[in-house]
Amino acid sequence: VEQRAHYTRTAVALHWLISLFIATGFTIGAYMADMHVSPLKVRLFAYHKWIGITILGLAVLRLIWRLMHRPPPDEPMPAWQRVAAHGAHWLLYALLIATPLCGWLYSSAAGFPVVYLKLFQLPDLVSKNEALAKVLVEVHGFLAWTLLWVVVLHAAAALKHHFFDRDRTLRRMLTWRAPDMRDR
Amino acid sequence: MNRNALTLIGTLTVATAFVATAAGDPTINAAKSTIVVTFKQENVPVNASFKSFNGRVDYDPAKPNASKAAIELETGSFDMGSADYNSEVKKKNWLDSGTYPKASFISTSVKPGAAGHFDATGTLTLKGKSQTLTVPVTATQNGTTTVFEGSLEISRAYFGLGDAEWKDVVDDKVRIRFHLVE
């Protein structure tokens with residue numbers, strides 16, 4: 001496997017697309033959670049679920065891509081930072097899959113199946129169960145907030161490398177170029 | 001006698017009184033029967049059920065033409081499995097359970113079909129509006145009990161269920177499926 005100084009265009013596209021969906025999905029989710037029943041609430045739930053399922057699909061693609069392509073080498077940094085950065089990356093992958101999956105489980109348990117883009121009804125993962133739904137919605141919320149804080153940490157670290165260490169950490173994820181060695 | 005027992009007797013008396021005037025004493029085993037409502041919101045099928053209902057079906061396989069059915073349910077017993085939605089549905093712009101606590105279907109004529117099948121024509125009364133509907137019913141004899149199954153589709157707009165703001169979110173058509181054990 002070749003090693004390059006920046007991420008592949010597929011990885012870059014998936015990274016920024018997923019970050020955009022996390023931002024919108026989280027905002028809608030946090031807003032709709034405390035709403036009273038209304039047509040807007042029903043709509044927002046639908047959009048939130050579509051975004052979540054999209055993130056789940058993109059995250060799976062991204063994980064497969066990541067396992068098939070070695071990421072660019074780390075910039076020089078202390079060992080603890082390296083460990084923290086890679087730990088955060090794998091935690092993000094796990095949360096990108098676990099959070100929407102838990103939301104899907106919650107939808108099934110609450111008796112509101114997911115109909116992706118109003119077109120495709122996804123199978124229920126569990127049967128309707130009010131008590132289980134109450135637990136799953138809490139877990140889903142906890143995972144979403146954890147995801148948010150890890151994203152904040154991940155972004156803050158990238159900005160620190162960019163503006164204070166002035167290294168290539170962030171630029172590896174901003175370079176839109178076909179595989180080559182020009183960045184070396 | 002404690003208060004709960006008195007309330008129970010009161011409820012039973014009221015429930016029995018209505019159906020009795022409509023078609024005689026209730027014969028349905030409500031504990032084993034279900035009335036399930038399915039509607040679509042943003043194309044998502046959602047099931048709910050009425051927890052409290054009663055009624056009677058007089059059915060003789062030998063004389064299906066003489067069959068009669070009278071079902072009554074409590075609109076306030078609508079259960080979607082979510083307290084927030086349940087209280088919403090009882091409000092004025094939906095079932096308005098305060099003003100219209102009961103809904104009923106009373107048959108007026110029965111047309112027998114193939115063995116065990118018949119079409120029951122009758123009046124559905126809901127939220128102060130009535131509609132004549134024909135419901136295909138399947139009757140299955142099961143030892144000493146008979147199970148009546150079927151479904152009917154109603155229009156939310158016709159019965160004034162949900163105001164205009166819900167028009168684009170919840171489908172107009174609502175399906176009611178019943179499984180009545182007698």
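Modeller: Two strands pair if DSSP finds at least two bridges between them, and strands (E, at least two residues) and helices (H or I, at least four) are DSSP runs numbered from the N terminus. This is a predicted model, where local features need pLDDT of at least 70, side-chain atom pairs count only at pLDDT 80 or more, and totals for chains, interfaces and linings use all residues. Residues are numbered from 1 along each chain as written, chains are lettered from A and ligands numbered from 1 in written order, and side-chain values use heavy atoms, without hydrogens and water.

Biologist: How do β6(B) and β7(B) pair?

Modeller: Strand β6 (residues 102-112) and strand β7 (residues 117-126) of chain B are antiparallel, with eight bridges. Phe105(B) sits opposite Leu124(B) in β7(B).

Biologist: Which residue in that hairpin takes a positive phi?

Modeller: Gly116(B), near 80 degrees; four residues lie between the strands.

Biologist: And how many bridges join β7(B) to β8(B)?

Modeller: Ten, again antiparallel, with β8 covering residues 129-142 of chain B. Thr123(B) is opposite Thr132(B) in β8(B). This hairpin has two residues between its strands, and Lys127(B) in the turn has a positive phi of about 50 degrees.

Biologist: Changing topic, how many residues does the contact take from each chain?

Modeller: 18 from chain A and 17 from chain B, contact being heavy atoms within 4.5 Å.

Biologist: Any salt bridges? How many between chain A and chain B?

Modeller: Two, each a side-chain nitrogen of Lys or Arg within 4 Å of a carboxyl oxygen of Asp or Glu. One joins Lys41(A) and Asp84(B), at 3.9 Å from N to O.

Biologist: Which element gives the largest share of chain A's side?

Modeller: Helix α2 (residues 39-68) of chain A, with six residues.
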